[in-house]
Amino acid sequence: MPPADPSTPAILNSPAEMRAWRRSLRSDSVGFVPTMGALHPGHAELLRRLRPRCDSLVLSIFVNPTQFGPNEDLSKYPRTFEEDLVLARACGVDAIFYPTPQTMYPVGFSTYVNEEQLSQGLCGAARPGHFRGVTTVVLKLFNLVEPRVAYFGLKDAQQFFVLHKMARDLDLDVSVEGVATVREADGLAMSSRNRFLTAEERLLAPRIHAALKDAAHQIESGQAHQAALNAASLALAHEGFRVQYLDCLELPSLRMHNEATHSSPLLIAVAAHLGSTRLIDNIIVHPERLAAHGIQVHL
Ligand code: AMP
């Protein structure tokens, strides 16, 4: 058999193949970036920043059915494996775990993982069952890939804090770390779903980030939170967004912020529909203070 081409990632299509590849490694220094594919520069940033920290870098591409609600965009979710492979190669990925839904969730699958505090509000309230799907699939992925470090984007901030909590609560031997959101030049957070925006919606979409910045600025300069959030929400509604939530929560608990406690880092997070596309974004105020809570983020 010819030797494996080191510039081409191994492609592993089932849990059994993933586990066998992992067991063949000599070094335990494995870094992991889980994704749903349709890769863009936000995903590339996670991979590039993790690459120098590990001997083997694993990327997973799996559009996880259990985190989509019945009326959500599972069947419409973009799938671009050939392009993803090019990006993975350029980022120095060693293996791509690209399983089929049938191998991840065989007939009769019936065990799920629930985080019961941080996952309740924001997207957890707007998308019932979403985080149960996320924690379940990420625990399965961690069990198969056995990474020592995993990077997640702060673009999906609640997801990051829920997964960090899961790893801590369940004593997982993996460091779950966050990476700053990668944005387009006009401020729009990069997302696989941005491709669904019409040309007109694409021009409006950066208003989300602008509204968050306004709210963060007002909150940092001492304005009452609710007034700042209401103003930002109203501004977005005027532009034609249907705002699902725009909240300011304390980190890392994701509890409502008591305005008397000024030392906590804060998450100001929004979800809004623009036409048929649901966009989320957030700003973290004082992210450097997360280190005091044992949470590592790369800004
Ligand atoms: P997804 O494929 O959308 O599930 O995302 C896979 C990982 O990439 C998650 O940890 C996301 O938070 C992260 N990610 C997605 N978009 C961005 C972005 N614009 N900047 C940084 N990380 C991102």
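Which residues touch the most other members of the largest nonpolar core?

## Nonpolar cores

In this predicted model, the answer is F142 and F161, in a core of 48 residues. Helix α6 (residues 130-145) supplies the largest share of this core, with nine residues. Leaving aside residues up to four places away in sequence, F142 is in contact with F32, P147, A150, F152, M166, L172, V174 and V176. A second core is separate and has 24 residues, among them L188, A216, L246 and L266.

In soluble globular proteins, nonpolar side chains tend to be buried together.

## The parallel sheet

Seven strands make up an open sheet with parallel pairing, in the order β1-β4-β3-β2-β5-β6-β11. The edge positions are taken by β1 (10-12) and β11 (297-298); each has a single partner strand, so one side of each lacks a neighbour in the sheet.

Two helices lie across parts of this sheet. Helix α1 (residues 15-23) lies across β1, β2, β3 and β4 (95-97), and runs at about 140° to β1. Helix α7 (residues 157-169) lies across β5, β6 (175-179) and β11, with an angle of about 165° to β6.

## Strand β2

Strand β2 covers residues 30-35, and six of the six are buried, so the strand is largely enclosed by the rest of the structure. Its side chains alternate: V30, F32 and P34 point one way, while G31, V33 and T35 point the other way. Both sets are buried. F32 is also one of the residues that F142 touches, which links β2 to a residue of the largest nonpolar core.

β2 pairs with two strands in the sheet order, β3 and β5. With β3, it runs parallel and is joined by six bridges; F32 has V58 as its bridge partner there. Between these two strands the chain passes through helix α2 (residues 41-50), giving a right-handed β-α-β crossover. With strand β5 (residues 149-153), the pairing is again parallel, over two bridges. The bridge partner of G31 in β5 is V149.

## Two buried polar residues

Is N282 buried or exposed? Its relative accessibility is 6%, so N282 counts as buried. N282 sits in strand β10 (residues 277-285). Its side chain reaches the backbone oxygen of L154 at 2.8 Å. L154 is also among the residues that N282 touches, and the others are K155, A157, R183, L212, L267, I268 and A269, not counting residues up to four places away in sequence.

Q67 is placed in the loop between β3 (56-61) and α3 (81-90). With a relative accessibility of 10%, Q67 counts as buried because the cut-off is under 20%. Not counting residues up to four places away in sequence, Q67 touches M36, E72, R127, H130, G133, V134 and V137.

How values were computed:
Residues are numbered from 1 along each chain as its sequence is written. This is a predicted model: local features need pLDDT of at least 70, side-chain atom pairs count only at pLDDT 80 or more; totals for chains, interfaces and linings use all residues. Side-chain values use heavy atoms; hydrogens and water are left out. Helices (H or I, at least four residues) and strands (E, at least two) are DSSP runs, numbered from the N terminus. Buried means under 20% relative accessible area, exposed over 50%, partly exposed in between (1.4 Å probe, protein chains only). A polar contact is a pair of N or O atoms within 3.5 Å; within protein, one must be able to donate a hydrogen and the other to accept it, and residues adjacent in sequence count only if both atoms are side-chain atoms. Contact means heavy atoms within 4.5 Å. Two strands pair if DSSP finds at least two bridges between them. A crossover is right-handed if, with the strands pointing away from the viewer, the path from the first strand over the helix to the second runs clockwise. Axes are lines fitted to C-alpha atoms, for helices over the stretch in contact, and angles run from 0 to 180 degrees between N-to-C directions. A nonpolar core is a set of buried Ala, Val, Leu, Ile, Met, Phe, Trp, Tyr and Cys residues joined through side-chain atoms within 4.5 Å.
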